[in-house]
Amino acid sequence: MEEDLFSLGGDAPVPRTLSDRNIDHRAPLAVRMRPRSLEEIVGQQAALEPGSPLRRLVAADDSRTAPSSVILWGPPGTGKTTLAYVVAQSGDREFVEVSAVLAGVKDIREVVDQARARLRTVGRETVLFVDEVHRFSKSQQDALLPSVENRWVTLVAATTENPYFSVISPLLSRSIVLTLEPLERADLDALVDRALTDPRGLDESVTLTDDAREALLRLGGGDARKILTSLEAAAAAALLKDEPEIDAATLAQAVNRAALRYDRGGDQHYDVTSAFIKSMRGSDVDASLHYLARMIESGEDPRFIARRVVIAAGEEVGMADPSALQVAVAAMQAVQMLGLPEGRIPLAQAVVHIASAPKSNASYRALDAAIADVRDGKAGPVPAHLRDAHYAGAKTLGHGTEYRYAHDAPHAVVAQQYAPDELVGVDYYRPTGHGNEAQISRRLEALRRILRSEGDA
């Protein structure tokens, strides 16, 4: 959040209302430029099309025709908070905002009680905006249910994480989930132009070069709030010069790192991790390094990254290049000893090794097939000659009496049965012709002939 949403009174945070949030030129640019009506909102055409839940929520004279609860789901800076303000400003509604980071069950119940009293005494509806609703515990979300069910409040909740994973089912079933899409280039251009010229914004006090505009939009990562914050910082630097112009150098001086959308427990965590693994599997070295960089720059636990690299070495490369696992394990150990930033170096080496290596999943698929047979009951008695013969009476049971010691035979391979009777002749491991497995395939064919008495040792 770009500003404090609570005034502290006693031990508990007390929610503020819209009337407490007068916007002036001391406020951040992102706050000053917040749209005041649907017409000022850029992007989100699908969510704002005629007849959409948001349109009905804003325009409905009869609250019974509007949804009682809306969950806005989208990346940062796509207008979730803005839409909540616009809903509140339409009609004579009280606006109360709480943050899931600070508010507890007691605070929620207090807001709901006040809303019920307001509705009963003066007939005025309350819009309750809950930011980062995914951070609410189950009990906190449960506390919202009666107010939504009975329309004591109009709930507008915002989240950057998938609500189908982070919001309880009873609340989801009583809500309409609206997905907000990342803003397109034309939307962001319009946003920047308005901020440069609008009296609420920079009021034409600075100009922006084309190169700086490109860099600004790239650094913003599609986050409108981040773009406006970066523009404000660059404008402050430009106003110190004789010519108040924001060029690429001025912007770089004010803002030096791009905003990355990444949540370590949500969609982006899983999406980027999935892309990372699939890029290594697909032998795209450059894409693999890109996703590695994104995870590192976003603060992902390097030990988590290292574990995924070790898994990829065994799962994607396997016996096509057995040294890949050695490199991956060494990288994991190095990360544990070094941490970041130095740990990124062995991680990069392991990722390049895995992505560029020949690929085979034959070894782990072979194990999965064997596990499936065991679970299916195909686990007959161990052949008598392979059983333990080191205890008294074992030989009288025939244990080990016909065992042939492999090292006594040429090439240390001897024809005898190792598998249980019902699995004799079953081939689990089927090596590919990739990398080292091409050689293994030829050797394995000879081994199986000898073991099954189809040739001489």
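This passage describes helix H10, the nonpolar core to which it contributes, and a cluster of aromatic rings, all in a predicted model.

Helix H10 comprises the 15 residues 224–238, and because a rise of 1.5 Å a residue would give a span of 21 Å, the separation of 21 Å between its end C-alpha atoms agrees with expectation. At the N-terminal end of H10, Asp223 acts as a cap, with a side-chain oxygen placed 3.0 Å from the backbone nitrogen of Arg225. The buried residues of the helix are Ala224, Ile227, Leu228, Ser230, Leu231, Ala234, Ala235 and Ala238. When H10 is viewed down its axis, these buried residues fall within an arc of 160 degrees, and they therefore line one face of the helix. Such a pattern is in keeping with the geometry of an α-helix, which has 3.6 residues a turn, so that residues three or four places apart point the same way. The cover over the buried residues of H10 includes helix H1 (29–32), helix H8 (185–197) and helix H9 (210–220), together with strand S9 (245–246) and helix H11 (248–254).

The largest nonpolar core contains 28 residues, of which Val192, Leu231, Ile246 and Leu251 touch the most other members. At least two residues of this core come from each of H1, H8, H9 and H10, and H10 gives the most, with 7 residues. The contacts of Ile246, when residues up to four places away in sequence are not counted, are with Val206, Thr207, Leu208, Thr209, Ala212, Leu231, Ala234, Ala235, Ala238 and Leu251. Among these contacts, Leu231, Ala234, Ala235 and Ala238 of H10 also belong to the buried residues of that helix.

Elsewhere in the model, the count of aromatic pairs comes to 2. Tyr85 and Phe95 form a stacked pair, with 4.9 Å from centre to centre and 25 degrees between the planes. Tyr85 lies in helix H3 (residues 80–89) and Phe95 in strand S4 (residues 93–99), so this pair ties together parts that are 10 residues apart in sequence. The rings of Phe95 and Phe129 have centres 6.3 Å apart and planes at 25 degrees, and this pair is therefore stacked. Distant parts of the chain are linked by this pair, since Phe95 belongs to strand S4 and Phe129 to strand S5 (residues 125–131), 34 residues apart. Ring pairs thus link Tyr85, Phe95 and Phe129 into a cluster. Both Tyr85 and Phe95 are buried, the relative accessible area of Phe95 being 1%, and Phe129 is likewise buried, with a relative accessible area of 0%.

Note on methods: Residues are numbered from 1 along each chain as its sequence is written. This is a predicted model: local features need pLDDT of at least 70, side-chain atom pairs count only at pLDDT 80 or more; totals for chains, interfaces and linings use all residues. Side-chain values use heavy atoms; hydrogens and water are left out. Helices (H or I, at least four residues) and strands (E, at least two) are DSSP runs, numbered from the N terminus. The expected span of a helix is 1.5 Å times one less than its number of residues. Buried means under 20% relative accessible area, exposed over 50%, partly exposed in between (1.4 Å probe, protein chains only). The arc is that of the directions from the helix axis to the C-beta atoms. Contact means heavy atoms within 4.5 Å. A polar contact is a pair of N or O atoms within 3.5 Å; within protein, one must be able to donate a hydrogen and the other to accept it, and residues adjacent in sequence count only if both atoms are side-chain atoms. A nonpolar core is a set of buried Ala, Val, Leu, Ile, Met, Phe, Trp, Tyr and Cys residues joined through side-chain atoms within 4.5 Å. Rings of Phe, Tyr and Trp (its six-membered ring) pair if their centres lie within 6.5 Å; planes under 30 degrees apart count as stacked, over 60 as edge-to-face and the rest as tilted.
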